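Trainee: I am new to this structure and should like a close look at a single part of it, the surface that faces the nucleic acid. Would you please take me through that part and then place it within the whole?

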Number of protein chains: 2
Amino acid sequence: MKTVSKTQYTISQFAALVNLTPYTLRYYESLGLLKPKRDQAQRRYYEKQDIAWIDFLRHLKGTGMTMTELQKYVRLRAQGDQTIKERISLLQKVEAKGQTKIKELNKNLQIVQHKLDWYRDKLQGKIAENEDFGSYLAKFKE
Amino acid sequence: MKTVSKTQYTISQFAALVNLTPYTLRYYESLGLLKPKRDQAQRRYYEKQDIAWIDFLRHLKGTGMTMTELQKYVRLRAQGDQTIKERISLLQKVEAKGQTKIKELNKNLQIVQHKLDWYRDKLQGKIAENEDFGSYLAKFKE
DNA sequence: TTAAATCTTATAGTTTACTCTAAGTCAAGT
DNA sequence: ACTTGACTTAGAGTAAACTATAAGATTTAA
């Protein structure tokens with residue numbers, strides 16, 4: 001049996017590593033999203049696997065989850081395997097919302113693209129002086 | 001020549017129509033995003049075409065544009081056709097940012113999907129007791 | 001005539017997610 | 001010995017985009 005010494009980071013080292021501030025790390029911890037270990041002097045230290053956890057949190061946040069939702073997820077996790085079904089349904093909702101978000105973003109971007117086309121046509125004099133964007137857009141309605 | 005009477009909405013009628021509040025409409029106006037006409041008594045009234053404008057603003061906002069950016073766009077618009085090129089480059093940036101946003105959202109949702117798969121595999125006992133999500137994820141790295 | 005709606009300006013409150021300061025304690029490195 | 005960094009609790013500040021209140025004036029529909 002071999003003992004391997006694990007890399008430990010202080011809060012400011014770790015903050016730099018994951019592009020957050022010590023303030024933010026303590027804030028997340030206060031919300032229950034992190035629980036770094038402590039040394040003999042009660043100072044936090046972070047390890048390699050904490051990077052992966054932060055990354056995962058970021059992905060969840062990036063889907064639009066609020067801090068409160070993250071807290072709920074983390075609370076379930078802490079309760080062990082019997083909450084896996086609940087976690088699944090939580091993440092399914094997250095996924096569904098995310099897909100909706102993408103669709104809406106796409107729709108909004110399409111309008112922007114049409115507007116860009118309209119401007120370019122207008123610059124080329126390809127648009128009747130009195131045709132406005134509204135009637136132009138109407139052409140693209142299915 | 002025929003005179004057609006146009007529908008006019010009071011601020012609260014219009015607010016209900018576009019799902020905003022009178023507060024918000026005045027707020028938008030204070031930012032220069034709207035300029036409703038006024039009646040003899042200086043009360044705002046809105047018309048059909050204002051609905052289209054609100055919709056367009058919503059699409060722009062929906063891409064992630066801030067109020068400040070919207071203000072800039074509206075200011076350019078008010079300056080007339082000589083700002084069309086500038087408006088084009090503004091909207092192009094909006095579009096580029098939006099595409100980036102979609103890519104990121106997709107990446108984040110993929111991670112969520114992997115996590116869901118992992119949970120489902122785990123529920124089925126298909127995952128080694130000691131395999132964590134990190135090593136599971138590693139399988140999907142290109 | 002009176003209640004309801006609108007107007008104005010100015011200011012305050014709300015929410016989310018940080019971000020920072022204060023103020024005092026403690027421990028480790030040079 | 002001393003500077004540096006970390007710790008604590010509590011609370012304040014920031015930014016965005018609303019949302020609301022106050023307070024007084026005016027107008028209009030019933």
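Mentor: Let us begin with one contact to DNA strand C: an N or O atom in the side chain of K61(A) is 3.1 Å from a phosphate oxygen of that strand. Please keep in mind that this is a predicted model. The side chain of T24(A) takes part in a similar way, with an N or O atom 3.4 Å from a phosphate oxygen of DNA strand C. Chain B contributes through its backbone, where an N or O atom of R44(B) lies 2.7 Å from a phosphate oxygen of DNA strand C.

These contacts belong to a wider surface. In total, 17 residues surround DNA strand C, and Y28(A), K61(A), M67(A), S12(B) and R44(B) are the closest. By class, six of the surrounding residues are nonpolar, five are polar and six are charged. At least two residues of this surface come from each of two helices, α2 of chain A and α1 (11-18) of chain B. The helix that gives the most is α2(A), with four residues. On the side of the nucleic acid, 84% of the atoms of DNA strand C within 4 Å of the protein belong to sugar or phosphate, and the rest belong to bases.

The other strand may be described in the same order. DNA strand D is surrounded by 18 residues, of which S12(A), R44(A), Y28(B), R43(B) and M67(B) are the closest. The classes here are six nonpolar, six polar and six charged residues. The helices that each supply at least two residues are α1 (11-18) of chain A and α2 (22-30) of chain B. Four residues come from α2(B), the largest share of the surface near DNA strand D. Of the atoms of DNA strand D within 4 Å of the protein, 86% are of sugar or phosphate, with the rest in bases.

Individual contacts to DNA strand D come from both chains. A polar side-chain atom of T10(A) is placed 3.4 Å from a phosphate oxygen of the strand. From chain B, a polar backbone atom of M67(B) is 3.3 Å from a phosphate oxygen of DNA strand D. An N or O atom in the side chain of T24(B) is 3.1 Å from a phosphate oxygen of DNA strand D. T24(B) sits in helix α2 of chain B, and its side chain also makes a polar contact of 2.8 Å with the side chain of T21(B). With a relative accessibility of 22%, T24(B) counts as partly exposed, because buried would require a value under 20%.

How the two chains are arranged can now be considered. Chain B is superposed on chain A by a rotation of 180° with 0.0 Å of shift along the axis, at an RMSD of 0.1 Å. The two copies are therefore related as by a two-fold rotation axis. Within chain B, I102(B) has the C-alpha nearest that axis, at 3.1 Å. Of the interface residues of chain B, 100% are also interface residues in chain A, so the copies meet through the same surface.

M67(A), named above among the residues closest to DNA strand C, leads to helix α4 of chain A. This helix covers residues 67-78, and its twelve residues should span 16 Å at 1.5 Å a residue; the end C-alpha atoms are 16 Å apart, which agrees. Its buried residues are M67(A), L70(A), Q71(A), Y73(A), V74(A) and L76(A). An α-helix has 3.6 residues a turn, so residues three or four places apart point the same way. The cover over the buried residues of α4(A) includes α2 (22-30), α3 (48-62) and α5 (84-123) of chain A, together with α5 (84-123) of chain B. After α4(A) comes G80(A), with a positive phi near 95°.

Helix α3 of chain B offers a second example. Its 15 residues, 48-62, should span 21 Å at 1.5 Å a residue, and the end C-alpha atoms are 22 Å apart, which agrees. W53(B), I54(B), F56(B), L57(B), H59(B) and L60(B) are the buried residues of α3(B). G64(B) follows α3(B) and has a positive phi, near 110°.

Finally, the whole of chain A: six helices and two strands follow the pattern α-α-β-β-α-α-α-α along the sequence. Of the 142 residues in chain A, 39% are buried.

Technical notes. Residues numbered from 1 in each chain as written. Chains lettered and ligands numbered in written order. Predicted model: local features only at pLDDT ≥ 70, side-chain atom pairs only at ≥ 80, totals over all residues. Heavy atoms only, no water. Expected span 1.5 Å × (residues − 1). Buried < 20%, exposed > 50% of the residue type's maximum accessible area, 1.4 Å probe, protein only. Contact = heavy atoms within 4.5 Å. Least-squares fit on C-alpha atoms with pLDDT ≥ 70 in both. Near = heavy atom within 4 Å. Polar contact = N/O pair within 3.5 Å; in protein donor to acceptor, adjacent residues only side chain to side chain. Nonpolar A, V, L, I, M, F, W, Y, C, P; charged D, E, K, R; others polar.
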